[in-house]
Amino acid sequence: MKKILCVLSAGLLAAGAAQAANITYADGTIINDAQTIGGEDRLLQNAAATVTITNGGSLAITTTTTTAGSLIGQAAEVAFIIDGGAFNLNSSANLILGNGTGGDGTIDLRDGTLSLTTTGDIALGRDAATGVITIRGGTAALDQPFFDTYFPADPGFGSIDFADKIGGGASDGTLTIAGADLAYYQGLYAGDDLTFNGDNSAAFNTVFSVTGSTLSVIPEPATLGMVAAFGGGILFIRRRFMI
């Protein structure tokens, strides 16, 4: 009887191990509902794909595996577009954005939320690959990432770029990195790890503003002018009615 129980237990364990999977998405996938990758499953994109998370959609990675974690861009280019939805990593696993030759990875935050918090590591660009987080709008929060040299022997090209919104206008997104301050962001900017529309030639304080640990783009002069004109118009109307 004991032998039978042992065999059954071994079989159940083997079945449980077999259930762990590498989750991928087909090119053009639109996520408009709540999806979770958890347990020992992991996100491992190894085929070219563009995946969009829209309003009402969310992708939560809560996987507990520490063997490879989640790889966005693995032997093929992969882009996750967040356009009103949410991308959340809250796990003990690593996240590598851009892994291996030809495996470039991009997270394009247009609106919504990006939250990358993990007891593992966050790496942008590894082994000749490019890994870029593009912020056009919305809110991004993450633990301090590794850029380029997650494995020093296998450098890549990683960065965070505040890019113009689709259709025009400067990014109105925000980035909060745990424990960051003005000097930290200035260091990223000086080292090409932080850019504004792919460039870092302008003086940091003419492009970015830092409040606590949160980084944002300084509004364009034209935008400031519109705000001032609107405020002036409101004051004018108020005075007219008070006369």
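This account of a predicted model moves from a parallel sheet to a buried glycine and then to a helix.

Four strands form an open sheet in the order β7-β9-β11-β14, and their pairing is parallel. Strands β7 (70–74) and β14 (146–147) occupy the edges; each has a single partner strand, so one side of each is left without a neighbour in the sheet. Within this arrangement, β9 (residues 95–99) and β11 (residues 122–126) pair in the parallel sense through four bridges. Asn99 lies opposite Arg126 of β11.

Arg126 also belongs to the surroundings of Gly156. Gly156 is located in the loop that runs between β14 and β15 (157–162). With a relative accessible area of 7%, Gly156 is buried, since the threshold for that class is under 20%. Apart from its neighbours within four places in sequence, Gly156 makes contact with Gly125, Arg126, Asp127, Ala128, Ala129 and Asp148. Its C-alpha atom is 4.2 Å from that of Ala128, although the two residues are 28 residues apart along the chain.

Helix α2 spans residues 182–190, and its buried residues include Tyr184, Tyr185, Leu188 and Tyr189. Viewed down the axis of α2, the buried residues fall within an arc of 135 degrees and therefore line one face of the helix. The face turned away from this buried side carries Ala183 and Ala190, which are exposed. Among the elements covering the buried residues of α2 are the edge strand β14, together with β16 (174–177), β17 (194–196), α3 (204–207), β18 (208–211) and β19 (214–217). Just after α2, Asp192 adopts a positive phi of about 70 degrees.

Key:
Residues numbered from 1 in each chain as written. Predicted model: local features only at pLDDT ≥ 70, side-chain atom pairs only at ≥ 80, totals over all residues. Heavy atoms only, no water. Pairing = 2+ DSSP bridges. Helix = DSSP H or I, 4+ residues; strand = E, 2+ residues; numbered from the N terminus. Buried < 20%, exposed > 50% of the residue type's maximum accessible area, 1.4 Å probe, protein only. Contact = heavy atoms within 4.5 Å. Arc of directions from axis to C-beta.
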